[in-house]
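Hi everyone, and thanks for coming. Today I'd like to walk you through a structure that may be new to you, so let's bring it up on the screen.

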Amino acid sequence: MTEPLTLTTERVDDIPLLLAQLERMGLQPLLDEHFPTHGNWVGLSLGWVSVLWLTHILSEGDHRLNHVAPWVQHRLHTLRTCTGQPVHR
């Protein structure tokens, strides 16, 4: 028997373009170099968190941090694919 096919849809919008431009600018390595994370920091580096938050700000026109988690949750596949990082909500 064959497995049922599961499709997931996400709005991509301008996210790949914004992430590519931020990568081209070298923002993530620059932030990680000058602002190392604390020893108890878990997950993505400060540079990656900043890049994703800035992508949210530019894409949505909304700077509020509490709106980022649901935005990421609805775009997990896109963000993981574009960044190559294990992005979580």
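**A walk from one buried leucine**

Let's begin with Leu 52, which counts as buried because its relative accessibility is 6%. You'll find Leu 52 in helix α3. Before we go further, please keep in mind that this is a predicted model.

What does Leu 52 contact, once we leave aside its neighbours within four places in sequence? The partners are Leu 19, Leu 44, Trp 71, Leu 79, Thr 83 and Val 87. We'll meet several of those names again. There is also a distance to look at here: Leu 52 and Leu 18 are 34 residues apart along the chain, and their C-alpha atoms are separated by 9.6 Å.

Now let's step back to the whole chain. The protein chain has 5 helices and 0 strands, so if you read from the N terminus on, the order is simply α-α-α-α-α. Taken along the principal axes, the C-alpha atoms fill a box of roughly 55 × 30 × 25 Å. Of the 89 residues in the chain, 29% are buried. And if you take contacts between residues at least 6 apart in sequence, 48% of them join residues at least 24 apart.

Next, the helix pairs. Helix α1 covers residues 15–25 and helix α3 covers residues 46–60. How do these two pack? Their axes are 10 Å apart, and the angle is about 130 degrees. That angle makes α1 oblique to α3. The way α1 passes α3 is a right-handed crossing.

If you zoom in on that contact, the α1 side brings Ile 15, Leu 18, Leu 19 and Leu 22. From α3 come Val 51, Leu 52, Leu 54, Thr 55, Leu 58 and Ser 59. Sorted by type, the residues in this contact of α1 with α3 are 8 nonpolar, 2 polar and no charged.

Helix α1 has another partner to show you, and that is α5. Here the axes are 10 Å apart, and the packing angle is about 30 degrees. The two helices, α1 and α5, are therefore roughly parallel to each other. The crossing of α1 and α5 is right-handed. Ile 15, Pro 16 and Leu 19 in α1 meet Thr 78, Leu 79, Cys 82 and Thr 83 in α5. That contact of α1 with α5 divides into 5 nonpolar residues, 2 polar ones and no charged ones.

Let's stay with Thr 83 for a moment. Thr 83 lies in helix α5, which spans residues 76–83. Is Thr 83 buried or exposed? Thr 83 counts as buried, because its relative accessibility is 11%, and the cut-off for buried is under 20%. Its side chain reaches two backbone atoms: the oxygen of Leu 79 at 2.6 Å, and the nitrogen of Gln 85 at 3.2 Å. Not counting residues up to four places away in sequence, Thr 83 touches Leu 19, Trp 48 and Leu 52. So there is our starting leucine again, with Thr 83 listed among the contacts of Leu 52.

Back in α3, I'd like to point out Ser 59. With a relative accessible area of 18%, Ser 59 is buried. Which residues does Ser 59 touch, not counting those up to four places away in sequence? Those residues are Asp 14, Ile 15, Leu 18 and Trp 71. With Asp 14 there is a polar contact, side chain to side chain, at 2.8 Å. For Ser 59 and Glu 23, which are 36 residues apart in sequence, the C-alpha atoms are 16 Å apart in space.

One last stop: Asp 13, which is found in the segment before α1. Most residues other than glycine have a negative phi. Asp 13, however, has a positive phi of about 50 degrees although it is not a glycine. As for the surface, Asp 13 is partly exposed, with a relative accessible area of 41%.

To finish, let me leave you with one picture to take back to your own screens. Find Leu 52 in α3, then look for its contacts Leu 19 and Thr 83. Leu 19 belongs to the α1 side of the contact with α5, and Thr 83 lies in α5. Thanks for listening, and I'm happy to go back to any of these views.

Methods
Residues are numbered from 1 along each chain as its sequence is written. This is a predicted model: local features need pLDDT of at least 70, side-chain atom pairs count only at pLDDT 80 or more; totals for chains, interfaces and linings use all residues. Side-chain values use heavy atoms; hydrogens and water are left out. Axes are lines fitted to C-alpha atoms, for helices over the stretch in contact, and angles run from 0 to 180 degrees between N-to-C directions. Helices (H or I, at least four residues) and strands (E, at least two) are DSSP runs, numbered from the N terminus. Angles under 35 degrees count as roughly parallel, over 145 as roughly antiparallel, 65 to 115 as roughly perpendicular and the rest as oblique. A crossing is left-handed if the near helix is turned anticlockwise from the far one by less than a right angle, and right-handed if clockwise. Contact means heavy atoms within 4.5 Å. Ala, Val, Leu, Ile, Met, Phe, Trp, Tyr, Cys and Pro count as nonpolar, Asp, Glu, Lys and Arg as charged, and the others, Gly among them, as polar. Buried means under 20% relative accessible area, exposed over 50%, partly exposed in between (1.4 Å probe, protein chains only). A polar contact is a pair of N or O atoms within 3.5 Å; within protein, one must be able to donate a hydrogen and the other to accept it, and residues adjacent in sequence count only if both atoms are side-chain atoms.
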